[in-house]
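Here is a friendly walk through a protein model, in questions and answers. Have a look at it first, and then we can talk about its helices and charged pairs.

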Amino acid sequence: MSAYMRQRRRRDPVAALLERARERAARLGLPFNLRRRDVVVPPVCPVLGVPLAAGSERSSGSPSLDRIRPAQGYVRGNVRVISDRANRLKGACTQEQAKERARSAPPSRRPDLERIAAYIEREELLAEVRRKAALGGRAGAEWEKVAIFLDKAFVAADWLRKDQKT
């Protein structure tokens, strides 16, 4: 059975992420309304810039579904696929908690924790822009353009960081 599940995760990582998220949501009493198109597995973790490797044993580079604002659950606009390590480091931290953890961390762990704080900050900014876009009208349409731009800029920054690591 474990070999079958490993092949399934490798063949269709989105289905595996959705299935586990649905189970966690039910267990934790959280909302869940995700569809396949809501979950995109990037080749690189948008937080730490490490390659994501689906289908093998759980590792720090395994794709993991992050609830950006944990209390809101697994709903559209509140999830992003990041590495398992980034998700475990983030936990349910707020931006301030993440910054404090980074300040007090040993020097070897500080860079990753600073990236976590920056990730939380940019996701909060994007969420605020999306809230304004949802207001509709002419202003909402302009905010939607800003949201699309920011989302693309964040992805470009992730690729840039990956290129700098190699």
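Q: What does the cover over the buried residues of helix 4 include?
A: Some ground rules help: this is a predicted model, where local features need pLDDT of at least 70 and side-chain atom pairs count only at pLDDT 80 or more, while totals for chains, interfaces and linings use all residues. Residues are numbered from 1 along each chain as its sequence is written, and side-chain values use heavy atoms, with hydrogens and water left out. Contact means heavy atoms within 4.5 Å. The cover over the buried residues of helix 4 includes helix 5 (110-133).

Q: Which residues of helix 4 are buried?
A: Buried means under 20% relative accessible area, exposed over 50%, and partly exposed in between (1.4 Å probe, protein chains only). Helices (H or I, at least four residues) and strands (E, at least two) are DSSP runs, numbered from the N terminus. In helix 4, which spans residues 95-104, the buried ones are Gln95, Ala98 and Ala102.

Q: Why do these buried residues lie on the same side of helix 4?
A: The arc is taken from the directions that run from the helix axis to the C-beta atoms. The face turned away from the buried side carries the exposed residues Arg103 and Ser104. The buried residues share a side because they cover an arc around the axis of only 65°.

Q: What pattern does the protein follow along the sequence?
A: The protein has six helices and two strands. Read in order, they give α-α-β-β-α-α-α-α.

Q: How many salt bridges does a search of the whole structure find?
A: Side chains of opposite charge can pair when their charged atoms come close. Here a salt bridge is a side-chain nitrogen of Lys or Arg within 4 Å of a carboxyl oxygen of Asp or Glu. Searching the whole structure on that basis gives 13.

Q: Is Glu123, the salt-bridge partner of Arg80, buried or exposed?
A: The side chains of Arg80 and Glu123 meet at 2.6 Å, N to O. The pair links distant parts of the chain, with Arg80 in strand 2 (residues 79-83) and Glu123 in helix 5, 43 residues apart. Arg80 counts as buried at 19% relative accessibility. With 2% relative accessibility, Glu123 counts as buried.

Q: How many residues apart are Asp112 and Arg85?
A: These two form a salt bridge whose closest N and O atoms are 2.8 Å apart. Asp112 sits in helix 5 and Arg85 in helix 3 (residues 84-90), so the pair links distant parts of the chain. Their separation is 27 residues.
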